[in-house]
Amino acid sequence: MLNGYAGRILVVKLQMGKIFQQEINSEFCKNYIGGKGFAVKILLERTEASMDPLSQDSILIFAVGPMNASLVPGSNRLGAFFKSPLTGIWGESYCGGQIATQFKQAGFDVMVISGKSEKPVYILIDDGTVSIKDAAHLWGKDSFETQDTIIADYGKEYQVAAIGPAGENLVKFACIDHSKGRQFGRCGAGALMGSKNLKAIAVRGTKKYEPANIKLVEEVRKKVLTEVKEKHKTLSTYGTPGLLPLINEAGALPTYYWSEKPIEEYEKISPELLKSNYYKHRRSCYGCSIACCQTSETQDELHIKSEGPEYETLYAFGPLCGIFDLDSIIKLGDMCDKLGMDVISAGNTVAFAVECYRRGILGKEDFEGIEPKFGDPKLAVDLIFKIAYRRGLGNILAEGVRKGAQLIGRRAEEFAVHVKGLEPPGYDPRALKGMALAYAVSSRGACHLRHMAYRPNLTGKHPFRPDIRVNRFSYEEQPPMVKEQEDFYTLVDSMIYCHFLCLPVAGPILWDEMLRAFNGVTGFNMEMTTFVECAVRINDLVRIYNLREGVPPDTEFPVVWVSQKLKRRGADGELVEAKKLSQMLTEYYKLRGWSLQGKPRDIS
Ligand code: SF4
């Protein structure tokens, strides 16, 4: 009997139509915690090096952790883990909503999907009974229609995650949508499902889990419920766009495809305007009182109702594309959700295409007669559609910025902004030096969530010791902070919690609460040092996986970030000094106990 775990891995081999279960033991749980920890071990052991991420040999893992289906708010995320078709290295993305709880309550910790079905199918999980269903009638539908159809057939108690046309057409940054607006967004898990002819998964579960120590879990739950009202007021009121003013004031808001320029029409996309004119309802994931997800409605004649926009949608289709019109940004986000594409990569790819035209690398003929310019939502709509269906220039852009630039040629690679093939989120590292290091070492490339290094850099407070001031322009202070944040969020992603319940400084769940919650649910009574060792072990394994797959060096950084100084209030004259970045890397490797080349001891 394992407290906190279902104790079972579900294996689905699509090629043969085989479904079976495997047990996990307490040693595995103690060493790898859950979620991300389980997944990296499985991915390393069950796949060959250098495998094509879209081949039949590739596997897609969905996993929960010991906290899922507990009563602690924020314990509601399902993780997807895979070799990314976009980057060719470690891929992970997480989705809130209701699906993780149903999955755990169906009696599983992990699902490993392998092979390729001959025909389109979806997986139906009904309280431990699993079947593979024909999806011929769903293929070609967008992700929202697919979810509606499955729910109409089986009932509202089923939670569905589905791909849209972008996933079917193997767009390298295709996402998986759940609950019409939540995504497994980054790294292209949607393309992996498309390559397997897997349109959706639908889950229903009713099993209940008793914590080993209800008193400990209840303490954490009460702390969260008491503190979030005050500490997360901005998140509850504005959602993630509430961060926009802070990022803008710091000069860290990327504009016009990572140019040096300031934002010109901030007030047209401000969170205050969103709240007063666009937000209609708040939505929540399972058991969370913050309810940070907003549903918006456009003010134009279309009255499009859509979940969001999140900060990342706002940045990627807003200032990055030079668009300062909330109706258009909401519409573009909605299009991406339905077609099934990651908004960060999509916005970056559209802006990159305009930048290529501006620099004479692409011509008007590549855009089929449209004069490309920043600030044109019609062009963005056209390109998003072409990417999803791989038409014209869209067929090249569907490969993402790195591969797209290689295919375009003519010096396009010089202007392509990505880290290890992943397009960056909305935090300009020239204004936040912690993000420079965090992007460089992050296992999935330009990522903001595996460390959340932008927060201490923006607030000026150390994530775990708020009395220590953080200087966002200092290179020296960043390595120990980034390392500690990575270790902490590795556990968050293994447990699996929502990051917004574990915010730097604010928490309310930080190191102590996290350990108490883990011990309360599992009854393992683990010491803090052992808990941290688990984080280090999991991080090292992800690094080993990436090295096995031929990850590019951490020093490979976008040219504009190291050569073009910002001309923005809040960060005027700032860039990332390549030499200082190398020094931060050396310090970071030392702290991790890795070799000078960044290799964990096991393989150096
Ligand atoms: S804070 Fe927001 S994203 Fe996180 S669990 Fe609550 S509602 Fe979901």
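Start at the ligand: by class, the shell around it holds 8 nonpolar, 1 polar and 1 charged residues. The model is predicted, so treat each stop as a feature of a computed structure.

**Stop 1: the ligand shell**

Select Asn-76, Arg-77, Cys-285, Cys-288, Ile-290, Ala-291, Cys-292, Cys-498, Phe-500 and Leu-501 to display the residues around the ligand. Colour by domain next: domain 2 (235–415) and domain 3 (433–603) each supply at least three residues to this shell.

**Stop 2: two crossing helices**

Now select residues 478–495, helix H20, and residues 528–548, helix H22. Their axes come within 9 Å and cross at roughly 90°, which means that H20 is roughly perpendicular to H22. To see the contact, show side chains on both helices. On H20, pick Lys-483, Glu-486, Asp-487, Thr-490, Leu-491, Ser-494 and Met-495. On H22, pick Phe-531, Cys-534, Ala-535, Val-536, Ile-538 and Asn-539. Sorted by class, this contact of H20 with H22 comprises 7 nonpolar, 3 polar and 3 charged residues.

**Stop 3: the open sheet**

Switch to a cartoon view and find the open sheet of 6 strands, ordered S8-S7-S12-S9-S10-S11, with mixed pairing. Which strands stand at the edges? They are S8 (129–134) and S11 (182–184); each has a single partner strand, so one side of each is left without a neighbour in the sheet. Looking across the sheet, the twist averages 20° from one strand to the next.

**Stop 4: the S7–S8 hairpin**

Zoom in on the edge strand S8 together with S7 (residues 121–126). The two run antiparallel and are joined by 6 bridges. Two pairs can be labelled here: Tyr-122 is opposite Lys-133 of S8, and Leu-124 has Ser-131 of S8 as its bridge partner. What lies between S7 and S8 in this hairpin? There are 2 residues between them, and Asp-127 in the turn has a positive phi of about 50°. When inspecting side chains along these strands, keep one general point in mind: in a regular strand, side chains alternate between the two faces of the sheet.

**Stop 5: the helix across the sheet**

Finally, add residues 143–154, helix H4. Helix H4 lies across S7, S8, S9 (159–162), S10 (176–178) and S12 (198–204). Relative to S9, helix H4 runs at about 150°.

Conventions. Residues numbered from 1 in each chain as written. Predicted model: local features only at pLDDT ≥ 70, side-chain atom pairs only at ≥ 80, totals over all residues. Heavy atoms only, no water. Near = heavy atom within 4 Å. Nonpolar A, V, L, I, M, F, W, Y, C, P; charged D, E, K, R; others polar. Domains from an automatic or database assignment. Axes fitted to C-alpha atoms, helices over the stretch in contact; angles between N-to-C directions. Helix = DSSP H or I, 4+ residues; strand = E, 2+ residues; numbered from the N terminus. Parallel < 35°, antiparallel > 145°, perpendicular 65-115°, else oblique. Contact = heavy atoms within 4.5 Å. Pairing = 2+ DSSP bridges.
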